[in-house]
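Me: I want to learn how labels on a protein model are justified. Can we go through some together?

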Amino acid sequence: MTSVSETIKIAVKQHKAGRLKQAAELYYQILQADPHHSGALHLLGLISHQVGKHQEAIDLIDKAIARNPEVPQFHNNIGVSFEALGNKEQSVRSYMQALQLRPDYPEACNNLGKVLTDLGRTKEAIKYCIRALRLKPDFPEACNNLGNALQRQGKTKEAIRYYNQALRLKPDYPAAYNNLGNVLQQSGLLHEAIQAYDHTIRLEPNHTMAHVNQGICHLLMGNFEDGWNKYEWRCKYPSDWFRWDGSAFEGKRLLVQDEQGFGDSIQFLRYLPMVKTRGGTLIFETKGPLISLLRGFPGIDKLIERRHNGRPAVEFDLHIHLLSVPRIFGTTLQTIPSEAPYLFADREKVGRWGARLKKGGFKVGIAWAGSPTHHNDRNRSCCLAQFRPLAEVPNVQLYGLQKGEAALQVEHLPGNLMIEDLGPDIKDFSDVAGIIENLDLIVSVDTALAHLAGAMGKSVWTLLPYAPDWRWLLDREDSPWYPTMRLFRQKKPGNWDSVLQRVANELDSLVNTPVC
């Protein structure tokens, strides 16, 4: 009869060869003889993790830890499964425990660096990635993760160096090529970024994000045909949903779902009347704060709010994501449907807000931050204090339209920086529209407020980071999406002060230059 030690050796050999079923059978065989065999429990948990059964993996490895808590690999690998389930805080604790048991454990250092980056704790992440590389200099995954942490801090040159180091150590590393493409794109090196994504796709043809990111580069450069096609890789459809291909749908129900942020929804609502001309019932699903603004919008037969479980609350025959519609219509720079206004404020709310905004002067609404969950929010948002030059322009009254945590910055302004904060009384986008209708100008970073003002045909000055979102294109001060919008771009990454000073100078000229 084969001993347990011999069986475990055979099972590990099968495991390393990728024969997971055979290895699992042998691990179970060992557990039948010894139900508390920590090594078999741990390795069986690894197989569960490899096949995507992460909770099962946690349960098995947890039993191994209960039997033998002093094995650092057990804590490291249960951390990997916690991370896969999205429980990043617990994965941090597991990696920390592994390092307490074995301080010179490069894999645990690297895993901890990765998850700390995901949690936004980049300073700590960099420390652990560097520690991993000191312990194991030829560690491409640690180079890649260090590049990610540095990129999150805006240290693009250093990030590029570590991505390239990862690729020297491991030339067939699609994730590093994709990450290199991302940082090149943020640096404005779009052609080089596209080449990096090409490398990713050659190594991994179905790498979704490489296709999407490459599409974003093409859209940013105004190459919409290639851009829309690549951008479509972002979409995942349930197998029982029929995707609308743009053909006539008389007598059928088409569900159009909005996606991404509020600004994306506002920007692409313009296509719904065009969609409606091709068929029967158009159902539009959107997020709650937009519902009151969109009641009566042309083209929408039925307006529904997205449910928390993600399942539409209606029956439908066909489906399309909102940001897929421009591709359906073959949109180019020359054919963007740019007529504005296409969104209108509720008259009652215009009157109510007008009664509050009676102060004299040129009325300017401002917003300084977007959603903190946006992947590029660190670059696209600034802080309220940087709007000081606007507050110093004579005959101008500033109104804060900021929502969320960033709105609290109003409480810390010096007494001589005058701004009336409307944010606490804004309930939804119909309120925002009512306010905009009473203002002379909107000045905003790249967030939904700028889109709404543009969709209403109001004067709006949009402040853009050095590497802007694709919809704002390159090297232009106007937007083909919004005729009443001006773009103010950073000339150097992170330099908002010069942008706001230019805006203040333009505002002063607009408000205080005598008319001849």
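Reply: Start with a definition: partly exposed means a relative accessible area between 20% and 50%, with buried under 20% and exposed over 50%. One thing to keep in mind is that this is a predicted model.

Me: Why is Gln 260 called partly exposed?

Reply: Its relative accessible area is 41%. Buried needs under 20% and exposed needs over 50%. The value 41% falls in between, so Gln 260 is partly exposed.

Me: Where is Gln 260 found?

Reply: Gln 260 is in the loop between strand E1 (249–257) and helix H15 (262–268).

Me: What is notable about the phi of Gln 260?

Reply: Phi is near 60° there, a positive value, and Gln 260 is not a glycine. Most residues other than glycine have a negative phi.

Me: Why is Asn 395 called exposed?

Reply: Asn 395 has a relative accessible area of 53%. The cut-off is over 50%. The value passes, so Asn 395 is exposed. Asn 395 also has a positive phi, about 70°, without being a glycine. Its place is the loop between helix H21 (388–391) and strand E6 (396–400).

Me: What makes His 319 buried?

Reply: Its relative accessible area is 1%. Buried means under 20%, so His 319 qualifies. His 319 lies in strand E4 (residues 318–321). Leaving out residues up to four places away in sequence, His 319 touches several residues, among them Tyr 237, Trp 241, Phe 242 and Trp 244.

Me: How do you know that His 319 and Gln 257 make a polar contact?

Reply: Their side chains are joined at 2.5 Å. The distance limit for a polar contact is 3.5 Å. The pair is within that limit and is listed as a polar contact.

Me: Is Ser 94 buried or exposed, and how do you know?

Reply: Ser 94 has 5% relative accessibility. That is under 20%, so Ser 94 is buried. Ser 94 sits in helix H6 (residues 88–101). Beyond its neighbours within four places in sequence, Ser 94 is in contact with His 75, Asn 76, Ile 78, Gly 79 and Phe 82.

Me: How many disulfides does the protein have?

Reply: The count is zero. A disulfide needs two cysteine sulfur atoms within 2.5 Å.

Me: Why does Cys 217 not form one?

Reply: The closest cysteine sulfur is in Cys 235, and it is 18 Å away, too far for a bond. Cys 217 is also buried, at 0% relative accessibility.

Me: Why is there no bond between Cys 382 and Cys 383?

Reply: The sulfur of Cys 383 is the closest to that of Cys 382, but the gap is 6.1 Å. The limit is 2.5 Å, so this pair is not a disulfide. Cys 382 is buried too, with a relative accessible area of 11%.

Me: What kind of peptide bond joins Ala 340 and Pro 341?

Reply: A cis peptide bond, with omega about 10°. Most peptide bonds are trans. Pro 341 lies in the loop between helix H18 (325–328) and helix H19 (347–356).

Me: How many of the 516 residues are buried, as a percentage?

Reply: Buried residues make up 53%. The protein has 24 helices and eleven strands.

Note on methods. Residues numbered from 1 in each chain as written. Predicted model: local features only at pLDDT ≥ 70, side-chain atom pairs only at ≥ 80, totals over all residues. Heavy atoms only, no water. Helix = DSSP H or I, 4+ residues; strand = E, 2+ residues; numbered from the N terminus. Buried < 20%, exposed > 50% of the residue type's maximum accessible area, 1.4 Å probe, protein only. Polar contact = N/O pair within 3.5 Å; in protein donor to acceptor, adjacent residues only side chain to side chain. Contact = heavy atoms within 4.5 Å.
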